[in-house]
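Dear colleague,

Please find below the structure that I am handing over to you. My notes on it follow, and I would ask you to read them with the structure open beside you.

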Amino acid sequence: MLDSYLHRQAGQDMKRHLAACFVLEDEGKNVLGYYTLSSSSIPKNHIPLDWQKKYPATYENLPSTLLGRLAVDHNHFGKGLGATLLMDAMKRSLEASRSQIGSMALIVDPIDESALKFYHKYGFILIPDSGKMFLPMKTIAPLFRD
Ligand SMILES: CC(C)(COP(=O)(O)OP(=O)(O)OC[C@H]1O[C@@H](n2cnc3c(N)ncnc32)[C@H](O)[C@@H]1OP(=O)(O)O)[C@@H](O)C(=O)NCCC(=O)NCCS
């Protein structure tokens, strides 16, 4: 599914401004992995109460950044490329949230239990009943001090 997205749909999504796609290639231009980012929002009352309290009552929906897809070529699993792509997505979305478009968190929608465990390892918090997870920019920011 993630292969076919890159080959058949990513270009169309970019043209329609639905997603920005970032591709990791080797020196021979072979694709090693990719991820996509899109604008998104989450209802404030979906996130855990301790996080809801950090944001003004006037915000019913919180602006966020969707890491819609992230995949590594299966021939290259276990070499740190997934972590590299995730760190790049965190850095890029943090920088955009600081200087271009406000966003309180990076959101993911893990495709299966294995993906959920991968994101959990990096601190993503499950949003109850949605299957989605979020990582607040407040958590990401200290990783990328200027
Ligand atoms: C999930 C995925 C991106 C991981 O990529 P990868 O390059 O193999 O992962 P890395 O080598 O960078 O692993 C980084 C760390 O995460 C851990 N990890 C990797 N996959 C994991 C998983 N499924 N569950 C738990 N931990 C995982 C690794 O053990 C490693 O830990 P360490 O730093 O303590 O050694 C890759 O397996 C993949 O593309 N899967 C199919 C698509 C998918 O599930 N995408 C994500 C959701 S849409």
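**Findings**

Ala-105 has Pro-136, a residue of E6, as its bridge partner. The model in which this pair appears is a predicted one. The pair belongs to a wider arrangement: E4 and E6 (residues 133-136) run antiparallel and are joined by four bridges. E6 also pairs with strand E5 (residues 125-126), again in the antiparallel sense, over two bridges. Here Ile-125 has Phe-134 of E6 as its bridge partner. Between the two strands of the E5 and E6 hairpin there are six residues, and in this hairpin Asp-129 takes a positive phi near 70 degrees.

I turn next to helix H3. Its 19 residues reach 27 Å from the first C-alpha to the last, close to the 27 Å expected at 1.5 Å a residue. Which residues of H3 are buried? They are Leu-85, Leu-86, Ala-89, Met-90, Ser-93 and Ser-97. Seen down the axis of H3, these buried residues fall within an arc of 140 degrees, so they line one face of the helix. A general rule is useful here: an α-helix has 3.6 residues a turn, so residues three or four places apart point the same way. The buried residues of H3 pack against strands E1 (20-25), E2 (31-43), E3 and E4, and against helix H5 (137-140). On the other side of H3, Glu-95 and Ser-99 are exposed.

The loop between H3 and strand E4 (105-108) contains Ser-103. Is Ser-103 buried or exposed? Ser-103 is buried, because 22 other C-beta atoms lie within 10 Å, and a count of 20 or more is what the term requires. Apart from neighbours within four places in sequence, the contacts of Ser-103 include Ser-93 and Ser-97, both of which are among the buried residues of H3. Others in contact with Ser-103 are Pro-63, Ser-64, Thr-65, Ala-96 and Met-137. Between Ser-103 and Pro-43 there are 13 Å in space, C-alpha to C-alpha, and the two are 60 residues apart in sequence.

Finally, there is the ligand. Of the 19 residues around the ligand, those that come nearest are Phe-77, Gly-82, Ala-83, Ala-115 and Lys-117. Strand E3 (61-72), helix H3 (81-99) and helix H4 (113-121) each give two or more residues to this shell. H4 provides the largest share, five residues. Sorted by class, the shell has eleven nonpolar, four polar and four charged residues.

With kind regards

Notes: Residues are numbered from 1 along each chain as its sequence is written. This is a predicted model: local features need pLDDT of at least 70, side-chain atom pairs count only at pLDDT 80 or more; totals for chains, interfaces and linings use all residues. A residue is near a molecule or strand if its C-beta atom, placed from the backbone, lies within 6 Å of it. Ala, Val, Leu, Ile, Met, Phe, Trp, Tyr, Cys and Pro count as nonpolar, Asp, Glu, Lys and Arg as charged, and the others, Gly among them, as polar. A residue is buried if 20 or more other C-beta atoms lie within 10 Å of its own, exposed if 12 or fewer, and partly exposed in between; C-beta atoms are placed from the backbone. Two residues are in contact if their C-beta atoms, placed from the backbone, lie within 7 Å. The expected span of a helix is 1.5 Å times one less than its number of residues. The arc is that of the directions from the helix axis to the C-beta atoms. Two strands pair if DSSP finds at least two bridges between them.
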